[in-house]
Amino acid sequence: MSRHVVIVGGGVIGLCTAWYAVRRGLRVTVVERGGPQRDGCSFGNAGLIVPSHFVPLAAPGMISLGLRMLGNPESPFYVKPRLSWDLLRWGYRFWRAATADRVRRSAPLLRDLHLASLASYEELAEQCGHEFGLQREGLLMLCKTQQALEHEAQTAHMARELGLAAEILDAAQTAARDPGTRYDIVGSVYYPRDAHLAPDRLMRALQTRLEAQGVCFAWHAEAKAWQTSAVSSGQRRVVWVEAGGQRLEADEFVLCAGSWSPATAQGLGLTLLVQAGKGYSLTLQQPRALPRLGAVCVEARLAVTPMMGRLRCGGTLELSGRNQTIDPRRVRGIVRAVPRYYPDFREEDFVGVEPWCGLRPCSPDGLPYLGRTARYSNLIVATGHAMLGISLGPITGRLVAQLLCHERPAIDLALLSPDRHGANDSRPLSAAARSSGAEA
């Protein structure tokens, strides 16, 4: 019988992992806390595939930018004041990581991950009958001010040094890129290798085909307890996970539960520094105009993406804990920002449009956690992708499948170790982990 893999988490990372694991002959069970018609972080996002986003979230200037935005209730960045040891530890690590040297070391890795993922998306589009609207039209970074354009131009120069095409455009040149769309900007940077898709259609296409290929889905099943056993001195292996009222035994386990990963990992005595970064979006089903190109409105931190006849506008990063409460101030900020860049639109266009929110799993250094843990011989962690989950989904799935088959990953994962921020080594488990059933 083929080796069995249990994947905890049915978002884009989980489905892409299942996709590539099945193709390697593995038997797969996906454990998902939601249902088949869920609407989580992988569904309502901007759908951007962005080799241009090689600068991690933790970058020089981000802390000062966030502090300047805190006084504006409609700003695209917000941290809810609260007494939280996890948030303090996360913030300290973010501060430590927001350096030019860290960006310099991370940028080539992020570039390679995005480019490999884009190539995988082209294969997926063929295999899924082009159901999710992959468009390789490029991406515009739209700037209202000269200062923003100059800053984006610096990033464009970095992109060229990394071998990525980037064009610095004035307002007229930007308009020429998409003649059917009016912009109110001073200029932009155009990244021709970026792409976009409809993420909800992607998730539906993957799920339908995985079910047809025999993947078992355990719906409305949250990982509650783990059983482990000793393998060697100091190292253990996972025997089963209890989810949805059943104990699922497997040869390998993959933890990719997004913003719920830290709580799930605690049952194994593992520390994952992940904060839930709430993002919002509104989708116009019949927009008055439909841009051809996806764009990021730089000052507003707003993404605008055409999606198979629809137009999605989304953004914000709200660190307010693991809750999915809609804050109307964040929604109002998005609605007011769109007409500032796209003068053909009005705030009234969004009346009656139901806002969506999702919780992005944000690591403190802006890089995902991807790899095996030192403590467990048969556990792989794949989470912490923040705003890049859709962009990095396929390459993450490919790399996890390689690890499951004990192959050398096609991309060096040293910077992505899931143990890099926590005491996830072979020391004895904590009392909390033992009481959860983690120790045999």
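**Exercise 1. Describe how helix H1 (residues 12–22) is placed against helix H10 (residues 389–404).**

Solution. In this predicted model, the axes of H1 and H10 come within 7 Å and cross at roughly 40°. To classify that angle, recall that values under 35 degrees count as roughly parallel and those from 65 to 115 as roughly perpendicular; H1 and H10 are therefore oblique to each other. The handedness of the H1 and H10 crossing is right-handed. The next step is to list the residues that meet: H1 contributes Val12, Ile13, Cys16, Thr17, Tyr20 and Ala21, while H10 contributes Gly389, Ile390, Gly393, Pro394, Thr396, Gly397, Arg398, Val400, Ala401 and Leu404. Sorted by class, the residues of this contact of H1 with H10 comprise 10 nonpolar, 5 polar and 1 charged.

**Exercise 2. Carry out the corresponding analysis for H1 and helix H7 (residues 199–212).**

Solution. Two packed helices are described by the angle between their axes and the distance between the axes. For H1 and H7, the axes come within 10 Å and cross at roughly 40°, and H1 and H7 are therefore oblique to each other. H1 passes H7 in a left-handed crossing. On the H1 side, the residues that meet H7 are Val12, Leu15, Cys16, Ala18 and Trp19, and their counterparts in H7 are Leu202, Met203, Leu206, Gln207, Arg209 and Leu210. The contact of H1 with H7 divides by class into 9 nonpolar, 1 polar and 1 charged residues.

**Exercise 3. Decide whether Ala156 is buried or exposed, and identify what it touches.**

Solution. Begin with the location, since Ala156 belongs to helix H5 (residues 146–161). Its relative accessibility is 0%, and because buried means under 20%, Ala156 counts as buried. Leaving aside residues up to four places away in sequence, Ala156 touches Ala166, Ile168, Val189 and Tyr191. For one of these, Ile168, the C-alpha separation from Ala156 is 7.4 Å, with the two residues 12 apart along the chain.

**Exercise 4. Characterise the surroundings of Thr383 in strand E20 (residues 379–383).**

Solution. The relative accessibility of Thr383 is 2%, so Thr383 counts as buried. Next, consider the polar partner: the Thr383 side chain reaches the backbone oxygen of Gly258 at 3.3 Å, which falls inside the 3.5 Å limit for a polar contact. Finally, with residues up to four places away in sequence not counted, Thr383 touches Gly258, Ser261, Leu272, Pro361, Pro368 and Tyr369, so that Gly258 appears both in this list and as the owner of the backbone oxygen.

Definitions and conventions
Residues numbered from 1 in each chain as written. Predicted model: local features only at pLDDT ≥ 70, side-chain atom pairs only at ≥ 80, totals over all residues. Heavy atoms only, no water. Helix = DSSP H or I, 4+ residues; strand = E, 2+ residues; numbered from the N terminus. Buried < 20%, exposed > 50% of the residue type's maximum accessible area, 1.4 Å probe, protein only. Contact = heavy atoms within 4.5 Å. Axes fitted to C-alpha atoms, helices over the stretch in contact; angles between N-to-C directions. Parallel < 35°, antiparallel > 145°, perpendicular 65-115°, else oblique. Left-handed = near helix turned anticlockwise from the far one by under 90°. Nonpolar A, V, L, I, M, F, W, Y, C, P; charged D, E, K, R; others polar. Polar contact = N/O pair within 3.5 Å; in protein donor to acceptor, adjacent residues only side chain to side chain.
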